[in-house]
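Work through these exercises with the model at hand. Try each task before reading its solution.

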Amino acid sequence: MARITLDPDDVNQDREVTLTDGRVVALADADGRTLREIARQLYTHRSSYEAAFAPDDETVLERLRAGEVALDDVAPLHQRVRALLQHRRSDGGRSASHLDLAVLLQRRIWTSASGVSRPLEELTPTHRRNLLGWLERNSDALAERFQQAELTAQQRTAVEPRIPWVLGTPLYQRLEELIAAETTIEQARDEARQVMRKVRFTNEGEWPDR
């Protein structure tokens with residue numbers, strides 16, 4: 001077996017990372033594909049990085065060893081890679097300015113950025129929660145568009161006064177109802193599905209569809 005070339009001490013900084021083939025990559029210059037490769041490496045060799053982790057605060061290390069926190073939540077390298085990946089996704093992901101406001105005023109479907117519509121009942125528990133998070137993060141932008149849009153009085157009254165604004169939309173409220181009604185079997189199946197997605201990510205470096 002070929003010797004694995006990496007520097008686990010990278011875990012203590014957030015500027016660059018040594019790949020398993022010996023290349024040193026500056027994180028600020030890494031594209032999305034390289035970042036995904038780095039993320040796969042961090043996951044595959046997590047025990048090596050955890051063994052090299054040396055925080056200034058000893059209590060952090062104690063909590064890590066006790067299983068109270070995860071390495072990717074406290075290690076500078078892991079935090080930086082995750083932040084950069086999230087930034088790449090937001091750059092190429094769904095913008096609040098592209099959402100058809102009519103989707104917010106109904107309780108049946110969700111239309112993805114690619115234009116594919118799916119019944120809310122068919123979304124996985126993970127997808128529903130991710131969608132709620134997206135709506136909450138974009139609440140202000142959606143509210144501003146809603147105020148400026150040419151809508152009927154009936155459409156405007158469909159949104160209840162809530163804070164943040166998006167919580168009062170029929171779409172958000174229906175998602176909350178579906179989440180509250182999820183069965184333990186549905187949640188268990190979804191958890192198993194997410195485990196398989198992580199396995200595929202480890203093997204292929206790309207997240208498969210939900």
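The exercises below go from the overall fold to salt bridges, a helix, a cis bond and a surface patch.

This is a predicted model, where local features need pLDDT of at least 70, side-chain atom pairs count only at pLDDT 80 or more, and totals for chains, interfaces and linings use all residues. Residues are numbered from 1 along each chain as its sequence is written, and side-chain values use heavy atoms, with hydrogens and water left out.

**Exercise 1. Fold**

Give the number of helices and strands and the order of the elements.

Solution. Start with the DSSP runs: helices are H or I runs of at least four residues, strands are E runs of at least two, and numbering starts at the N terminus. The protein has 10 helices and four strands. From the N terminus, the order reads β-β-α-α-α-α-α-β-β-α-α-α-α-α. Now take burial, where buried means under 20% relative accessible area, exposed over 50%, and partly exposed in between (1.4 Å probe, protein chains only). Of the 210 residues, 38% count as buried.

**Exercise 2. A long-range salt bridge**

What does the pair Arg107 and Glu177 tie together?

Solution. Apply the criterion: a side-chain nitrogen of Lys or Arg within 4 Å of a carboxyl oxygen of Asp or Glu. The structure holds 10 such salt bridges. One of them joins the side chains of Arg107 and Glu177, at 2.6 Å from N to O. Arg107 sits in the loop between helix H5 (76-92) and strand E3 (109-111), and Glu177 in helix H9, so the pair ties together parts that are 70 residues apart in sequence. Check the cover next. Arg107 is partly exposed at 34% relative accessibility. Glu177 is partly exposed too, at 36%.

**Exercise 3. Two partners for Glu182**

Which residues form salt bridges with Glu182?

Solution. Take Arg128: its closest N and O atoms with Glu182 are 3.2 Å apart. Arg128 lies in helix H6 and Glu182 in the loop between H9 and helix H10 (184-204), so this pair ties together parts that are 54 residues apart in sequence. Both Arg128 and Glu182 are buried. Then take Arg129: the closest N and O atoms with Glu182 are 3.0 Å apart. This pair also links distant parts of the chain, 53 residues apart, with Arg129 in helix H6. Glu182 counts as buried because its relative accessibility is 9%. Arg129, at 37%, is partly exposed.

**Exercise 4. Helix H6**

Test the length of helix H6 (residues 125-137), then find its buried residues.

Solution. The expected span is 1.5 Å times one less than the number of residues. For the 13 residues of H6 that gives 18 Å, and the end C-alpha atoms are 19 Å apart, which agrees. Its buried residues are Pro125, His127, Arg128, Leu131, Leu132, Gly133, Trp134 and Leu135. Pro125 is buried because its relative accessible area is 4%. Pro125 and Glu191 are 66 residues apart in sequence, yet 8.9 Å apart in space, C-alpha to C-alpha.

**Exercise 5. A proline bond**

Is the peptide bond from Ile163 to Pro164 cis or trans?

Solution. Read omega: near -5 degrees, so the bond is cis. Pro164 lies in the loop between helix H8 (153-157) and helix H9 (170-180).**Exercise 6. A charged patch**

Which residues form the negative surface patch?

Solution. Patch residues have over 30% relative accessible area and no salt bridge; like charges are joined within 9 Å, nonpolar side chains (Val, Leu, Ile, Met, Phe, Trp, Tyr) within 5 Å. Asp and Glu count as negative. The patch is formed by Asp56, Asp57, Glu58 and Glu62. Glu58 belongs to helix H3 (residues 58-65). Glu58 is partly exposed at 46%.

Note on methods:
Accessible areas come from the Shrake-Rupley method with a 1.4 Å probe; for residues, only the protein chains shown count as cover. The place of a charge is taken as NZ of Lys, CZ of Arg, CG of Asp or CD of Glu.
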